[in-house]
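Dear colleague,

I am handing over the structure below, together with some notes on what turned up when I went through it. Please read the notes with the coordinates open beside you.

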Amino acid sequence: MTMRDVTSDGRTPEGPGSGFPSRRRVLRWAGGGLTLAALTAGAVGCDEDAVDVEEPGKAGGDEPGGDGGKEAGVDAGGNGRAPEPLWTKPTSAETYGDNDELVAAGGVVIASGSPLAALDAATGEQKWSLPGGAVPGAPLLLGEDTLYLASSEYDGSVIGYDPASGKETWRSRLGKEYRQPRPIAVDGEQVYVIAEILEDDGSSKTNVIAALNSTTGRVAWKEQRDVGTEQNGIHAAVRGRHLVYTDFKKNLTVRDTAGGGQVWTHKTTKTNYGFFTVHQDLVVVPQGNVLQAFNLTDGKEKWTLEASDGALFREPAVLDDVLYVADSARVMRAVDPRTGKQLWKSEALADAGLQVPRQYVKAGDTFYGATDLDKQGGIIAMDARTGAVRWTFNDKTGDYHAWLVATDGKRVFALHGKKLHALPV
């Protein structure tokens, strides 16, 4: 008998520290169902050409680091001033605030939208575009120098493109009995997708998870998931023979990549929202005020780390073999992901009155965090050795979208609503 995902009561998750989910999460949950017109109707009006830079070291009331440099947690060595953007361009971005909607590869940077446009990383000039664009709520999935997208024609196809040129290099179809397949993860051999299973009347009550051969496009395996599981809100990663994913039913599931069989599953808390990170043979999951690491092979707990004073852990990330995670008390930690040993703890975010980042990238000895729509956030540059805040960048547009960040190692790309900025590292 095939083991499948375990379901729960399916209640909507609540935001950490409050009784309601953020606007970003509401938009993301609606990923497959809302029209783009409905989403853009709520946008806050702003001057499309105005770009302003936060200077945390300056005095200024509600501005981040309003009382100046060192005391506010700003790294004095960096003068507390964000660099001027190398370029700023308007985009067709239509994002829901998830981390896979802005990518940099092949000398270009791409933001999810319609049309889907690739901008030259160095100059911001458009290199190519796809008229159909990206499917709302579906990720921009990079693997083996290929950008994988769900077909904007809604014809059941998953398509691979060369990110440098925009040319189609691969295509696969799961079958006519499935609807809206969306890629969720990729490794060196397979592309993993979730799709709805069609009933005779055209409705869908169940969905399937499947693996497509990344060379031939043929279906390697497919497994039906239980009634009540969802095809939206999936976060996934692959390590070796293990496909790890979560959904809004508060399950953490691991499958064998060779045949699709379920290896193990655990429940996650209502404060998790499906976020996790993977390092070597461990998956690390925030579970309220506890950060837990499980073995990929058997699901056994390897280590735990507790937050202080009832704070809730937020989204984690492993960058260059270091785990970075903040909590709702705005305490940032660097942790050895193999052992759970804390390398350092910083209260610089709280000292500077800054928002907690929800996405991270790293370049050199600096890591960069992207926050939600809070005016005391934006892109926050932090010292990877100490957690000290170096500077923050905010375009002050008042756009309700969450910030997204990506890097090619030479530049940091910051997306906020319809504006894409390139910052020097």
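Glycine 398 sits in the loop that runs between β29 (389-393) and β30, and in this predicted model its relative accessible area of 47% makes it partly exposed. Its C-alpha atom lies 7.3 Å from that of lysine 375, although the two residues are 23 apart along the chain.

A second loop position, aspartate 145, belongs to the connection between β6 and β7 (146-150). With a relative accessible area of 71%, aspartate 145 is exposed, because the cut-off for that class is over 50%. Beyond its neighbours within four places in sequence, aspartate 145 is in contact with Tyr161, Asp162 and Pro163, and its C-alpha atom is 7.6 Å from that of glycine 106, a residue 39 places away in sequence.

Glutamate 101 offers a contrasting case, since this residue is placed in the loop between β1 (87-90) and β2 and yet counts as buried, at 0% relative accessibility. The side chain of glutamate 101 reaches the backbone nitrogen of aspartate 98 at 3.0 Å.

As for the chain as a whole, the protein has 3 helices and 32 strands, and buried residues make up 57% of its 425 residues. Taking the contacts between residues at least 6 apart in sequence, 47% of them join residues at least 24 apart.

The largest nonpolar core contains 19 residues, and those with the most contacts inside it are Tyr324, Met332, Leu349, Tyr360, Phe367, Met382 and Val389. Two or more residues of this core come from each of β22 (317-319), β23 (322-326), β24 (332-335), α3 (348-352) and β28 (379-383). Such a grouping can be set beside the general tendency of nonpolar side chains in soluble globular proteins to be buried together. Phenylalanine 367 is a useful residue from which to look around, for, leaving aside neighbours within four places in sequence, its contacts include Leu319, Tyr324, Met332, Trp344, Tyr360, Ile380 and Met382, as well as Lys362 and Asp383.

Two buried threonines are also worth finding in the viewer. Threonine 277, in strand β18 (residues 277-279), is buried at 10% relative accessibility, because the limit for that class is under 20%. Its side chain reaches the backbone nitrogen of valine 318 at 3.4 Å, and valine 318 also appears among the sequence-distant contacts of threonine 277, together with Leu282, Val283, Val284, Pro316, Ala317 and Leu323. Threonine 246, in strand β15 (residues 242-246), is likewise buried, with a relative accessibility of 1%. Outside its neighbours within four places in sequence, threonine 246 is in contact with Gly233, Ile234, His235, Asn251, Leu252, Gly274, Phe275 and Phe276, while its C-alpha atom is separated by 9.6 Å from that of lysine 267, 21 residues away along the chain.

The largest pocket has a volume of about 1400 Å³, and of the 46 residues that line it, Asn99, Asp100, Ala236, Ala237 and Gln359 are the closest to its centre. The strands that each supply at least two residues of this lining are spread along the sequence and include β2 (102-105), β6 (141-143), β10 (178-186), β14 (235-239), β18, β22, β26 (359-363) and β30 (403-407). By class, the lining is made up of 27 nonpolar, 11 polar and 8 charged residues.

Finally, there are some points of backbone geometry that you may wish to inspect for yourself. The peptide bond from serine 114 to proline 115 is cis, with omega near 0°, and proline 115 is found in the loop between β3 (108-111) and β4 (116-120). Glutamine 180, which is not a glycine, nevertheless has a positive phi of about 50°; this residue is in strand β10 and, at 29% relative accessibility, counts as partly exposed. Glutamine 280 also has a positive phi, near 50°, but its place is in the loop between β18 and β19 (282-287).

With best wishes

Methods:
Residues are numbered from 1 along each chain as its sequence is written. This is a predicted model: local features need pLDDT of at least 70, side-chain atom pairs count only at pLDDT 80 or more; totals for chains, interfaces and linings use all residues. Side-chain values use heavy atoms; hydrogens and water are left out. A nonpolar core is a set of buried Ala, Val, Leu, Ile, Met, Phe, Trp, Tyr and Cys residues joined through side-chain atoms within 4.5 Å. Buried means under 20% relative accessible area, exposed over 50%, partly exposed in between (1.4 Å probe, protein chains only). Helices (H or I, at least four residues) and strands (E, at least two) are DSSP runs, numbered from the N terminus. Contact means heavy atoms within 4.5 Å. A polar contact is a pair of N or O atoms within 3.5 Å; within protein, one must be able to donate a hydrogen and the other to accept it, and residues adjacent in sequence count only if both atoms are side-chain atoms. On a 1 Å grid over the protein atoms alone, a cavity is a set of points where a 1.4 Å probe fits but cannot get out, and a pocket is an open set with protein on both sides within 12 Å along at least five of seven lines; lining residues have an atom within 4 Å of a point. Grid points are joined across faces, edges and corners, and a volume is the space filled by probe spheres set on the points. Ala, Val, Leu, Ile, Met, Phe, Trp, Tyr, Cys and Pro count as nonpolar, Asp, Glu, Lys and Arg as charged, and the others, Gly among them, as polar.
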